[in-house]
Amino acid sequence: MVEELSQAKPQGDAEGIPLLRIDAVVKKFGAVHAVDRLSLDIRAGEFFALLGPSGCGKTTLLRMLAGFETPDQGRILLDGKDIAPVLPHQRPVNMMFQNYALFPHLSVRENIAFGLKRIGMSRAEINHRLAEMVSLVKLDGLENRKPDQLSGGQKQRVALARSLARRPRVLLLDEPLAALDKKLRESTQLELMEVQRRLGMTFIIVTHDQEEAMTVADRIGVMDAGRLEQVATPRQLYESPRSRWVAEFIGDVNIFEGQAQSGEAGRLTISTREAGTIVVTRPSEPISKNMVCVAIRPEKIKLSRRGPASDALNINAMNRIEGTVIEMNYLGGVTSYKIKLDSGAVLRSSMTNTARIEIDAYHANQRVVAWFTPDDCVVLEQ
Amino acid sequence: MSARFTFTRPARLAAIAPYLWMLLFFLVPFGFVLKISLSQTAIAQPPYVPVFDLTQGLSAINGLAELSLDNFRLLVSDNLYVLSYLRSLAVAAVSTSILLVIGYPLAYAMARLPRRWQALAMMLVIIPFWTSFLIRIYAWINILQHDGVLNKFLLVLHLVSAPVVWLSTDSAMYLGIVYSYLPFMILPLYASLAKMDPALLEAAEDLGASRTRAFWLVTFPLSLPGIAAGTLLCFIPIVGEFVIPDLLAGSNSLMIGQTLWLEFFTNKDWPVASAAAVALLLLLVVPLALYDRLQRRRLEQAR
């Protein structure tokens with residue numbers, strides 16, 4: 001609960017008019033619904049991520065916001081006004097393109113100033129804004145280079161500066177870091193957040209990389225087949241996925257199907273074929289069907305040689321399953337285990353390597369007890 | 001930055017091949033032409049006084065004194081040559097401009113077709129090459145002549161009351177040149193337009209440029225190398241064009257190619273014809289050298 005509170009982000013007026021309202025938007029390419037009756041509100045000052053597998057329609061949605069595609073149905077409201085008739089070059093929205101789309105014949109300076117010249121800024125104003133942008137994205141000294149003479153990371157910065165220079169109401173970022181290597185991507189994610197916070201701008205990022213979405217975004221919209229599966233904070237998305245699809249898409253998860261029965265106060269008992277009876281906390285929304293699945297994240301599953309030492313200390317450790325370790329993978333910070341249960345099902349568990357010395361590691365063929373609390377489980381309808 | 005390549009033996013041979021080709025089929029013949037241009041006309045077979053004859057061995061050096069620049073002096077002093085040079089340049093400039101104005105929109109349209117249609121459009125541009133160039137020019141004569149297809153068509157539609165003179169006019173010549181050289185303009189333009197990332201135009205629009213402005217600010221400057229290539233590819237051969245003006249244009253003013261032909265075959269004045277050819281080559285080397293410098297500067301910038 002405490003963590004839940006600390007997770008609260010500084011956000012604009014949640015009650016007032018959202019900055020951007022996407023209202024039942026449909027976009028078809030031939031017979032395929034790229035975006036299918038999708039509705040979403042985005043608040044001013046928010047860093048929002050659209051996350052989904054490739055082909056889920058997230059880029060199409062972004063391109064509709066930029067004006068490169070027009071919705072077949074539905075409306076897109078910016079500050080309460082429908083922007084459907086507004087041409088791309090007149091929208092107060094800018095986009096950072098996936099492969100940056102820098103103008104190869106123009107210098108860094110001319111690339112960044114391109115959008116400023118179009119709104120008839122004076123030379124002095126342009127120079128002022130240019131200097132501001134160059135220092136914001138740390139491009140000092142490279143102003144006269146051509147895009148060909150820049151590294152991938154530098155190009156990414158020019159693209160960011162160019163799209164920010166006009167101070168758009170909304171900045172759209174289409175897989176902005178996909179072309180960078182892992183280390184550079186991670187540091188650039190932090191820089192993006194820093195820039196967004198400093199300018200107080202609204203960012204919408206499209207990505208297929210869930211870690212990236214979790215890192216940068218205040219809220220994430222998970223998309224599949226043109227629909228939003230869930231819109232939530234990164235924590236909610238991971239700990240309280242709304243559907244089995246989301247649970248499996250975000251991170252690793254163990255899923256057991258079973259029959260739900262009422263248990264003692266605030267609990268449900270699920271009898272599963274693969275993992276026996278699992279006691280779970282009753283979800284806040286009532287379950288409509290009997291057949292449900294239980295989702296448990298691997299790091300919530302603890303292993304021990306004999307089971308928790310004392311029931312008094314682990315009053316909630318009421319779910320225990322015995323099995324044999326069949327695989328262990330040491331990954332540095334964590335070690336992941338695969339445990340074969342007596343039913344034949346495989347359970348995944350990951351344990352943080354809190355001690356440097358190999359003291360509590362398990363080895364293959366060892367019998368272990370896997371245990372977790374009712375709170376560790378999420379009950380999902382099929 | 002200087003890069004040194006060390007080639008293995010077969011690779012070195014391959015690298016030499018183009019130079020050998022140039023030596024055998026361009027420099028050596030050019031040497032002959034240059035030699036003839038420096039000699040005097042004679043009633044003989046071949047019709048010039050042999051100078052600097054290498055078969056005479058070392059004594060050929062003495063022949064150096066016999067070389068004369070008289071033919072080149074004649075080129076400058078007789079305005080027949082100067083005029084035909086100027087006419088050639090003017091015809092080439094006008095034709096190339098028309099080609100650019102027609103070729104650019106065509107190449108642009110081709111580059112914007114869906115991928116699968118682009119190959120077909122390319123075929124349509126290239127297909128005329130399957131028929132002999134000469135036959136296609138004769139076909140134009142057929143179309144343009146007094147009782148040709150064009151006049152018949154116009155008469156039937158009552159657009160004209162009497163047949164119009166098309167053939168043996170400058171218009172017919174320009175038509176023939178533009179028709180023949182269009183693929184050479186379209187293909188380099190298409191190549192430079194097709195490889196352009198469409199996201200660049202979206203970026204320009206996104207940053208507040210209307211479609212028209214985006215064209216002038218992004219597409220056009222990025223297609224300049226294609227324009228330069230297409231222009232040179234058309235301009236240079238048009239300057240030396242002989243067949244089209246000879247068959248389609250009137251005979252009142254000549255292009256340098258026609259003058260050359262006259263000197264060579266009618267006047268049998270090989271030395272003057274050779275001098276004219278050498279001068280033409282030098283005249284054309286200048287724009288080529290400029291283009292080369294432009295390219296090199298671009299490459300250096302890209303580094």
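This report walks through a predicted model of two protein chains, A and B.

A quick word on the labels: residues count from 1 along each chain as its sequence is written, while chains are lettered from A and ligands numbered from 1 in the order in which they are written. Because this is a predicted model, local features need pLDDT of at least 70 and side-chain atom pairs count only at pLDDT 80 or more, whereas totals for chains, interfaces and linings use all residues.

**The two chains side by side**

Let's start with the overall make-up. Helices (H or I, at least four residues) and strands (E, at least two) are DSSP runs, numbered from the N terminus. A residue is buried if 20 or more other C-beta atoms lie within 10 Å of its own, exposed if 12 or fewer, and partly exposed in between, with C-beta atoms placed from the backbone.

| Chain | Helices and strands | C-alpha span along principal axes | Buried residues |
|---|---|---|---|
| Chain A | 9 helices, 20 strands | about 75 × 50 × 40 Å | 37% of 382 residues |
| Chain B | 13 helices, 0 strands | about 75 × 70 × 35 Å | 27% of 303 residues |

Chain B has a radius of gyration of 24 Å, while a compact globule of 303 residues would come out near 19 Å. That radius is taken over C-alpha atoms, and the globule rule is 2.2 Å times the number of residues to the power 0.38.

**Inside chain A**

An automatic or database domain assignment splits chain A into domain 1 (8-244) and domain 2 (252-381). The C-alpha centres of these two domains lie 39 Å apart. Two residues are in contact if their C-beta atoms, placed from the backbone, lie within 7 Å. By that rule, 4 residues of domain 1 of chain A touch 5 residues of domain 2 of chain A.

Now for a sheet in chain A. It is an open one of 5 strands, in the order β13-β12-β11-β14-β20, with antiparallel pairing. Two strands pair if DSSP finds at least two bridges between them. Strands β13 (276-281) and β20 (377-381) of chain A sit at the edges with a single partner strand each, so one side of each has no neighbour in the sheet. In general, strands of a sheet pair through backbone hydrogen bonds, either parallel or antiparallel. Here, β14 (residues 291-296) of chain A runs antiparallel to β20(A), and 5 bridges join them. Across that pairing, A:Cys293 stands opposite A:Leu380 in β20(A).

Two alanines in chain A are worth a look. A:Ala24 has a positive phi of about 50° although it is not a glycine. This residue lies in strand β1 (residues 20-29) of chain A, and A:Ala24 is exposed, with 12 other C-beta atoms within 10 Å. A:Ala101 also has a positive phi, near 50°, and is a residue other than glycine. You'll find A:Ala101 in the loop between β6 (93-96) and α3 (108-118) of chain A. A:Ala101 counts as buried, with 26 C-beta neighbours inside 10 Å.

**Where the chains meet**

How many residues of chain B are in contact with chain A? There are 16, and they touch 18 residues of chain A. Helices α8 (198-206), α9 (211-222) and α13 (270-302) of chain B each give two or more residues to this side. Of these, α8(B) gives the most, with 6 residues.
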